[in-house]
Amino acid sequence: MSKNINVALIGNPNTGKTSVFNQLTGLKQKVGNYPGITVEKKEGICKLPRGVKAHILDLPGTYSLNTTSLDESLVVELLLNKNDKDYPDVAVVISDVENLKRNLLLFTQIKDLKIPTILVVNMADRMDRKGISLDVGAMEKKLDTKIALVSTRKNTGIDHIKELIADYKSISSKPILDPTRISPEYFDRLKKTFPQEDLYKLWLVITQDVNFMPIEKKRIQDATDFSTKSKDELKKLQHKETVLRYQLINNILKETYKVDFMAAKGLRASLDKILTHKVFGYLIFFVILLTIFQAIFDWSGYPMDFIDEQFAMAAEWVKNTLPPGVFTDLLAEGIIAGIGGIVIFIPQIAFLFLFISLLEESGYMSRVVFLMDRLMRPFGLSGKSVVPLISGNACAIPAIMATRTIENWKERLITILVTPFTTCSARLPVYLILIALVIPEGSVLGLSYQALTLMLLYLIGFGMALLSAMVLNKILKIKSRSVFMVEMPTYRLPLVKNVVYTVIEKTKSFVLGAGKIILAISIVLWFLGSNGYSEDFQDADRIVTERIENEGLSTYSKNYIQNNVASYRESAEAEGLAPNALQDSIEVLTQELSERAVAQEIASYKLEHSYIGQAGKAFEPLVKPLGYDWKIGIAVLTSFAAREVFVGTLATIYSVGSDEEETIKNRMAAELDDDGNPLFNLASGISLMLFYAFAMQCMSTLAIVKRETNSWKWPMLQLGFMSVFAYIIALIAYQILI
Amino acid sequence: MATVADLRYGQKGIIKDFTEHILPIKLLELGCLPGNSVELLQIAPLNDPIYINLSGSHLAIRRSLAELIELEIIEETQAK
Ligand SMILES: Nc1nc2c(ncn2[C@@H]2O[C@H](COP(=O)(O)OP(=O)(O)OP(=O)(O)O)[C@@H](O)[C@H]2O)c(=O)[nH]1
Ligand SMILES: [Mg+2]
């Protein structure tokens, strides 16, 4: 059994590493641990000729092995650690044919680590347009490597990469630049002190702020017979190294790479004129955002209603088909209701990730960074914070990971702390269902009230993020120097494959990740809701029957019967049924309905006295001032695991407490408060929406913040502050509106 | 002494030899080396950041950084 070949895809940002990765691995990719994460490293398996397999690693882009931000150090850490399980047998440097010079800088550095290195020259389809010609054979000789000319867009050259990887043993691992040329005196001394070590690796360990296991920094600093150099002197040498490398590369390119500027044409200049324009730039950005929100609200409504109905039908079917018993109840009321609460998000999440990946793929996102940088600075943020703040609208977790590209620690920390205020897609189902319930239909200027409300909620989240950033900027006393630099890539039509994979992968990991939590919570809730220890619970049948005999049916049941009869009468009359026949059938129907109503009242009485009911009742005084009953209280409480649990929890609680299957929305609309008015009214609905807008209800986010800031202090601060703030705002809103 | 921050729309300059090593390495790696050309493409609202073409690399940098890069302006603004 031969082991898989370890391959690492390395290259400057935006050269097409992920595109090559997608081509090589297809959908055989492993997804990250947390929902939505793949910003770090992506792994996949690729089948090579002659039955060999390769384990492919997609890494974040880096300009060189001199790192300035966290995502870049990941690459250096991997390449310097021979013991890492992912340490590459062969490195594949992906370069962009338009920026070959700059890309080769990284190539020469990696080759100097004595790793067999293949050069992929990607975007070959753009050579004609840009008037570029390349002498591949000559370049292979000069660079002492093998080159694959590839276009992932046209799907050419991929097989060539596979062949080169399969044949990696024949690729030279001789270094290109002799490090002693950087400073003969200094490197000679290094060599004397550490005769065992590789000089270039030593040099990297000395100059980089990264943790390296095999050659510890400390050992070098402690070597007494070796006088270290000051930071300034080291930097000077790094400058020298860069100059030397560029000399080398220029000499090679002079003979192998030609650009005919006359033939070059591009959209960049004219598009940039408009898209980064002082006025139109913002206008366009705003219109794009507006379109996204309107689209999400309108388009995803249909599949969502459909899914909602399907799950209600499935539960009904299970109940009617399987023999009655505990298992059937668990399936219909616990599991199907719970899964329905997850699946219903898929349309929106897919849409959101679709839009975000389109913005990123097309190159537009960098323009937004450029436009927003100056505006963000008063808030202690950078233009680069805009990317996390926008993708936070899909999910805070990848958004917080995306802050890794921000070089300045203070700006990065603030971005991490405020990102959870942005409206992640887990809030969306809560908002959508509440908006549909409490916000009237109708429209102004072609925008529906409901869509406007949603838009407003997004703005509130974003505004709150900015506001708290401003406060944090004043409070936090962190000094850090930063170099803000963004590359503005050429505009490109998004690659369909990249977009599709991103959407599938992110949606999948979101559904699976959140799904596990929701499923577990649903089952626990169902169990707690169907069991109880009190006498009330055990004797529910008798107690409720007696009460109905004495006091009659509850308002809820009366409404229920009335509504059903009314709609029956309407349809029967439309069909032209004779008056006495109608009278008779209505009597039969009423009889049937009241039996059902009794059963329902027993079920809901039981629920109220079950474990969950008693816990909820104990908790009720806390949420009563916000306009919620104990069932909503439970849903809010379980939402602290993850917001998206809200709808699922209500679905589970309601279906335990009822006898028949209904869509979640209809159930919620039918809920009444103590006075017989709809429980979900404008006041309580808005109070709930505001609570969800501000509260920190996501354990995965807390975990990721802990990891990214390396301390519990920040996530705990977020949890405490955001939740208390949410409570206060929701309280105020309800008390004003009621 | 002229710096990148002094460039006007469409103007070009050639980076001067620098003796001080204050510039971040990353900038050098992106092509900010003596003798290379810089062209100003766009200025963001409120005059910051600026968008330049640094010998083929299209970058946005803040004005504070641009002020550190000395150059010789070679091309007057074309009529706009
Ligand atoms: N014209 C053309 N565009 C390409 C080709 N390959 C990739 N692209 C585009 O290049 C852009 C960047 O591709 P990615 O695969 O995301 O690049 P990456 O190197 O993974 O980028 P980072 O992860 O940000 O470092 C996308 O807009 C792609 O659609 C190609 O062969 N030809
Ligand atoms: Mg990538």
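This passage describes the fold of chain A, the surroundings of ligand 1, a nonpolar surface patch and several backbone features in a predicted model.

In the predicted model, chain A has 738 residues, of which 56% are buried, and its secondary structure comes to 33 helices and 11 strands. The C-alpha trace of chain A spans about 105 × 60 × 55 Å along its principal axes.

Within chain A, strand 3, which covers residues 53-58, has 5 of its 6 residues buried and is therefore largely enclosed by the rest of the structure. Strand 3 of chain A is paired with strand 1 (residues 5-11) in a parallel arrangement through 5 bridges, and one of the residues involved is Leu9(A), whose bridge partner in strand 3 is Asp58(A). Strand 3 of chain A is also joined to strand 2 (residues 42-47), in this case in an antiparallel arrangement with 6 bridges, where Gly44(A) has Ile56(A) as its bridge partner. Strand 2 and strand 3 of chain A form a hairpin with 5 residues between the strands, and in this hairpin Arg50(A) takes a positive phi near 60 degrees.

The shell around ligand 1 consists of 19 residues, the closest being Lys17(A), Thr18(A), Ser19(A), Thr152(A) and Glu361(A). Helix 1 of chain A, spanning residues 17-25, gives the most to this shell, with 3 residues. With regard to polar contacts, an N or O atom in the side chain of Ser19(A) is 2.5 Å from an oxygen atom of ligand 1, whereas nitrogen atoms of the ligand are approached by the side chain of Asp125(A), through an N or O atom at 2.8 Å, and by a polar side-chain atom of Thr152(A) at 2.4 Å. Of the 660 Å² of accessible area that ligand 1 has on its own, the protein covers 87%. Helix 1 of chain A also contains Thr25(A), which has a relative accessible area of 0% and is therefore buried; the side chain of Thr25(A) reaches the backbone oxygen of Phe21(A) at 2.8 Å.

A nonpolar patch of about 540 Å² on the surface is made by Leu682(A), Val724(A), Ile728(A), Ile732(A), Ile736(A) and Leu737(A). Helix 33 of chain A, which comprises residues 713-737, supplies the largest share of this patch, with 5 residues. Leu682(A), by contrast, is placed in helix 31 (residues 682-694) of chain A, and its relative accessible area of 41% makes this residue partly exposed.

Some further backbone features concern loops. In chain A, Asn155(A) has a positive phi near 60 degrees although this residue is not a glycine; Asn155(A) is located in the loop between strand 7 (147-149) and helix 6 (158-166) and, at 48% relative accessibility, counts as partly exposed. In chain B, Asn47(B) is likewise a residue other than glycine with a positive phi, of about 70 degrees, and is found in the loop between strand 2 and strand 3 of that chain. With a relative accessibility of 42%, Asn47(B) counts as partly exposed. A cis peptide bond, with omega of about -15 degrees, joins Asp48(B) and Pro49(B), and Pro49(B) lies in the loop between strand 2 (37-43) and strand 3 (50-54) of chain B.

Methods. Residues are numbered from 1 along each chain as its sequence is written. Chains are lettered from A and ligands numbered from 1 in the order in which they are written. This is a predicted model: local features need pLDDT of at least 70, side-chain atom pairs count only at pLDDT 80 or more; totals for chains, interfaces and linings use all residues. Side-chain values use heavy atoms; hydrogens and water are left out. Patches are made of residues with over 30% relative accessible area and no salt bridge: like charges are joined within 9 Å, nonpolar side chains (Val, Leu, Ile, Met, Phe, Trp, Tyr) within 5 Å. Accessible areas come from the Shrake-Rupley method with a 1.4 Å probe; for residues, only the protein chains shown count as cover. A salt bridge is a side-chain nitrogen of Lys or Arg within 4 Å of a carboxyl oxygen of Asp or Glu. Helices (H or I, at least four residues) and strands (E, at least two) are DSSP runs, numbered from the N terminus. Buried means under 20% relative accessible area, exposed over 50%, partly exposed in between (1.4 Å probe, protein chains only). Two strands pair if DSSP finds at least two bridges between them. A residue is near a molecule or strand if one of its heavy atoms lies within 4 Å of it. A polar contact is a pair of N or O atoms within 3.5 Å; within protein, one must be able to donate a hydrogen and the other to accept it, and residues adjacent in sequence count only if both atoms are side-chain atoms.
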